[in-house]
Amino acid sequence: MQSADSNPAPAHPAQTDAQRLFWRPLPLASVLGQSDYAGFIVAVIWFAINAACIWWAIVNGSFSWNLWRVDLFGTHVVFGFYLPWSLCVLLVMWFGLEWAAVPAYLATLFGTLHTSMPVDLAVVNALHNPLAMAVYFLFYCGLRHDYSLRSRKSWLIFIAASLLASIVSSIGAFISEFNVAVSGAELWSNWMGWWPNAFLQSLLIDGPLIYLFSPAIERTKQRYFRRVPAELFSMQKLLLAVSMFVLCLALFILVDDRWQDIRAHAILAAPLSDDLRAQIQTQFNVQHFVVWVLALLLAGTSLGGVIVAGRWVRRLHERADSETREVRDEIRRSEARFRNFFERNPVPMWAFDPDTGRFLEVNPAALHAYGYSRDEFLSMTIFDIHPPEDIKHLKKKFKSADASEPFRHAGEWRHLRKDGSLIDAEVHVSSMKMDGRSVSLVLVHDISPRKQAHTAMEKRTQELRILAAASLELAGAQTMEQVLQLAADRARQLTQANLAVTHSWGQGNHGHITWRVSLTPQYAHWADFRVPPDGTGIYKLVTQKLHPVRLTRTELQHHPQFHGFGKYSEKHPPLNGLLAVPLTTRDGAVTGALMASDKVDGEFDIQDEVLLMQLAQTASVSLENVQLNDALLRHMQELERRVAERTQELDISNRELDAFAYSVAHDLRAPLRAMHGFANAILEDYGSRLDEDGHNYLTRIVNAARNMDMLIQDLLAYSRVGRVHMVMEGVRLDELIGEILAELAPDIEMRQAVIRVDVPSLLTQAHRGTLKQIILNLVSNAIKFVAPGKRPEVNIHARACEGWVEMAVSDNGIGIAAEHRERIFNVFERLHGAEAYPGTGIGLSIVKKGLACMHGEIRVESGETGSTFRLRLKEFRHE
Amino acid sequence: MNRNGRTTILLVEDDLNDVMLIKRAFSKSRIVNPIACVENGEDAVAYLRGDGKYADRRQHPLPFMLLLDLKLPRLSGHEVLQWLRGQPLLKRLPVVVLTSSREPVDINRAYELGANSYLVKPVVFEEFAALMRQLQVYWLMLSEHPDIG
C-alpha cells in the first residue's frame, strides 16, 4: 500500500500485488457495533448518505430528474442524474452489499411513495436498485478480481458489472408504468433512457472516483477496521443474492399479472359478446392461474433453494468444522506434546520478548534451577537474573544480536538465582515468530561445576607454577635474607594471605633471629614494623612442634597461648588466623618458621597448609644450602687468605734467596778468584822454587777453585730459572737448535760426535733463553755421557702434534737405569764420579725446572744403549 | 796510541785482590797503559771531576777508559755510570763494566745506563788474563777514542 501511494501512476502494465485491490467488504453490523470513533464516524457518514439519498429521491422525484431528451432511432430517450445510484455504487464497491442496498432501497421507496405510487408497488419497485447493487456484489464476490481500475481487465469487469447492474436497475421502468399510465412507446423510451443513464453514471462518475480513492479507502479500512474480519466470500450471502433475484422475478410476474388483470377488466368492461367475454375471461383466468403457479413455483424454488442450499452449506460447514476440530485437536495434542518437551525438559528453558526482555514462558527446570515461582519468574525481565555489573554488557549484546539469525550461541553468562548466588550458564538462543510477535527461546546449561573444576584446575596450575618458580628462585638465592624474603613473598602469594613472615634462628639458637616480612599493599602501613618474633606465645606452637599449625580467626583469638603482642601491639599488624609451618634441617631440627596470616578471602584450608609445607620444605633445603654455602665460602676465604699469607712469606724468602744467590754469585766468587789467581801466580812466579808436592797441592787448589766456580755458576743458573720473569714468545725451534749446535761446535769437534737433526720449522711458546739452556744441557749431556772410545751419536727430532711441539733428543750413550730415571732430575744428583763424567749435577734439574716454568713436560726413556729425552711444549699461536 | 795521548785506564774496584789480579793480568798480557785505581764510587766521581786530591791532572790524568765494578761501597757502579752519562763531555768516556754478577737485572741495568761493554770476571786466572788481553786489543788498539776534556 505504501508503494502504491508513493507511486500512484500505474505506468507499468504489469501490476504488482501491492497495487491490486481485492474486494474486501466489511460486515455492516460489526462496523456499526465497533465502539470507537472510527466505527462511529463511518456510521454517521453512512446514515448521512442514507438521508442524502432519500432527500434526493424525494426532492427530485423518481421521474423529475430528466435533463436531456434525445431522439435516438426515433425513440425519445431521457438522460438525467440520480445521486443515490453513484453513492450506492461507491458503497458497494468499497464497503459491501448491505451498505449500498439499504440507501438504494430507501431512496427509491420514499421517492416513489412521494409520487403517490401505491405502497405494494413501491415496495416491490424499490427492489430494483438493491438488485443492481447485488450484481456488483456477485461480480466482485464471485470473480474475485482486482477492482482498482488500474488495469484493462479491471476496467472490463467494472464495465460489464456496471452494464448488467444498469439493466437490472432499469426493470424499475416497467414497474413505475403501473403508477403512471404511459404508452408502450413512452415506456420504451423511459427504459432506453434508464439503463444507459445508470451505466454512464457508473462509468463517468464512479469509475474515476474508484480509481482515485480506492487505495486510500483500502488503507483506511486496514488501519481502522483490522479487527473486523473482512468477509471475502460467503456462500450464504451468494445464495441469498440469487434467491433475491428469483424472488424478485416472482414478484415482477405477479405485478405483471396484476397489470394483465387491470387490462382484462378494462377489456371486459367494453361491450363484448358473451362468447367473446367468456373466451377472454377464460383466457385471462388461465393466464392468471399459470402466472400464479409460475410465481409460486419460482418463490418456492427460491425459498426451497435457500433452505436446501442453506442446509447443504451448513452441513458443509459442519463437516468443515468437524475437520477443523479434528485438526485443532490434533494441533492441541501436538501442542501438548511439544509443551511436554518444554515443560518436562530437564534443561532450563524460557521464552522472552526480545524487545522488552520480559519473560513470556518458563519451564519448571528453570524455575527449579533459579529458585523462583512461576509467577515471580514471569513478572521479571532477563535483566533481573543478571548481576548488575553484567547488565551493560548484556544490553550491548542485545543491541548487536542479529534477530534474523535463527539460532545462536549467546555465550557464557553469570545468572543470579533468587537466593543471590550465581550460576555460570551457557546460553543458547533461538529467535522465532509467534502470533506475529518475535520471541526468543532460551536454553540454559548450568556450567558452574565445569567452571568450578576449571577454576580449581587453573588455581592448582597457578599454585604449582608459583611453587616451581619459588623452587628456582630459592635455589638461586645467595643469602639467608634472600631465602627468607623469597619464601615469605611466595608463601603470601600461595596462600593468598595479607601477611607472611619467615624467620630463622639458626640451629638451637634463639639469640640471633633473622626474619623477613611480605605484605599486601593493604598492609602497606605496617611495612616498617620491626617486631621480631621472639618464639614465645603463639610462636611456641610452631617452634616446638614439627607439624604445621592452622588456626581460624576465632581459634587464634581464643587460643590460650595467644597473648597479642604485648607492648608491641600498636606496631604489629593484627593476626587474623594463622597458618604456620616449621622450617627444619635435614636431620629434623626446627630452625625457623614460615607463617601466613589474614587470608584475603575466608580462612586457611588444608590445601593452603599442604602448599605451605611444600614451600617450607624447599625453603628449608635452600636455607641449609645457603648456610652451608656461607660456611664453605668463609672456609675458602680463610684458605685464600692463608695462601696469600704464605705466598707473601714465600715471596719474602724468595727475595732473600735472590739476595743470597746474588751474594753467592758476587761475593763467593771473589775469594775464589783470588784463591785461583794467587795460586796460579805462585805456580807461575815461584814454580821453580817448589818441589813436586808443592806443585801438586797448588794445582789441586787451582782445580778445586775452578770446580767450585762451575758449581756456583750452575747453582746460580738453576736459581735464575723461574726466578727471573720469563717472557713467553714464539721461538723458532730449528733456528734455536742451529745456534746451540754452533755453540757446542768445539765439544762436538772434540768428541767427533755425529749429530742428526730432523726439526721442521716450528714455533714453540717458550722463553728463549731458558729453552736454549734446556736444549743445550740435553745435547751436551748426550755428547758427554757416552762410553769411552765410543763415538757419540745424537738424534734431534721434533714435530707438531695437537697444539704441542714434541721434541726428542736421543743418544747412544750409557743409558740410565730405571730406578734412577726420576732422580736424575734432582739438584746435585749425579750417577757418576766426577772423574768419569765431570759435571755439577744441576743440568737436568735446570731442564726440568725450566720446562715446568714454561708449562712443558719432560720424560726419559732409556735402554742399555742410549737414552731418549722427550720434551714437549705448547705450540705458539698468534693471538 | 791514540790521538788524545790519553793512555790511563781508571779501575774502580773495591776488592784489592781483584786489583792485584787485574794488574797481574795486565802485566802478563804486556799491557803498558797506566792504571789508576779508586776503591769506591765516590772516589771514582771525584777522580773524574778532578776534585780534591785528584785535582792534579798530571798526577791523575783523565782516563781513556773506565773499568767499573758494580758492587761498590758508598756509590754503586750503576750510580757512577748514571752520574757519568749525565756529564756534558765526560759522558763520552767508554765504560766497561767488569763484575762478578751474571744477573740479568744487573746486565740490563748497566746497558740501560750506557755501559759500552759488560764483562764477567772469570775465576780461572788464565781466562781472566785472556779477557784482559782481548779488552786491551779491542778498546786500546782497535777503538778510536772520543774527546772528553
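## Close-ups of a predicted two-chain model

**View 1. Where A:K599 sits.** A:K599 is part of strand β12 of chain A, the stretch covering residues 590-599. Keep in mind that this is a predicted model. Is this lysine buried or exposed? A:K599 is buried, because its relative accessibility is 7% and the cut-off for buried is under 20%.

**View 2. What the A:K599 side chain holds on to.** Two polar partners are worth picking out here. One is a side chain: A:K599 pairs with the side chain of A:D608 in a polar contact at 3.0 Å. The other is backbone: the oxygen of A:T495 is 3.1 Å from the side chain of A:K599.

**View 3. The neighbourhood of A:K599.** Which residues touch A:K599 once neighbours within four places in sequence are set aside? The list runs A:T495, A:Q496, A:A497, A:R553, A:N576, A:F604 and A:D608. You've already met two of these, A:T495 through its backbone oxygen and A:D608 through its side chain.

**View 4. Chain A as the backdrop.** Zooming out a bit, chain A has 879 residues, and 42% of them are buried. Its secondary structure adds up to 25 helices and 19 strands, with β12, the home of A:K599, among the strands. Of the contacts in chain A with a separation of 6 or more, 65% are between residues 24 or more positions apart. On the outside, chain A exposes about 48,000 Å², and 59% of that comes from carbon and sulfur atoms.

**View 5. Where chain B meets chain A.** Here 24 residues of chain A are in contact with 23 residues of chain B. Interface size is often quoted as the accessible area lost when the parts come together. For this pair of chains, about 2,200 Å² is buried, with 52% of it on carbon and sulfur atoms.

**View 6. Charges and polar pairs across the interface.** How many salt bridges does the rule find between chain B and chain A? There are four. One salt bridge joins B:R24 to A:D685, with 2.6 Å between the closest N and O atoms. Polar contacts between the two chains come to nine residue pairs, counting residues at pLDDT 80 or more. On the chain B side, the elements giving two or more residues are α1 (16-28), α4 (104-112) and α5 (125-142). Of these, α1(B) gives the most, with six residues. Sorted by class, the side of chain B that touches chain A has 11 charged, eight nonpolar and four polar residues.

Methods
Residues are numbered from 1 along each chain as its sequence is written. Chains are lettered from A and ligands numbered from 1 in the order in which they are written. This is a predicted model: local features need pLDDT of at least 70, side-chain atom pairs count only at pLDDT 80 or more; totals for chains, interfaces and linings use all residues. Side-chain values use heavy atoms; hydrogens and water are left out. Helices (H or I, at least four residues) and strands (E, at least two) are DSSP runs, numbered from the N terminus. Buried means under 20% relative accessible area, exposed over 50%, partly exposed in between (1.4 Å probe, protein chains only). Contact means heavy atoms within 4.5 Å. Accessible areas come from the Shrake-Rupley method with a 1.4 Å probe; for residues, only the protein chains shown count as cover. Buried area is the accessible area (1.4 Å probe) that two parts lose on being put together, summed over both. A salt bridge is a side-chain nitrogen of Lys or Arg within 4 Å of a carboxyl oxygen of Asp or Glu. A polar contact is a pair of N or O atoms within 3.5 Å; within protein, one must be able to donate a hydrogen and the other to accept it, and residues adjacent in sequence count only if both atoms are side-chain atoms. Ala, Val, Leu, Ile, Met, Phe, Trp, Tyr, Cys and Pro count as nonpolar, Asp, Glu, Lys and Arg as charged, and the others, Gly among them, as polar.
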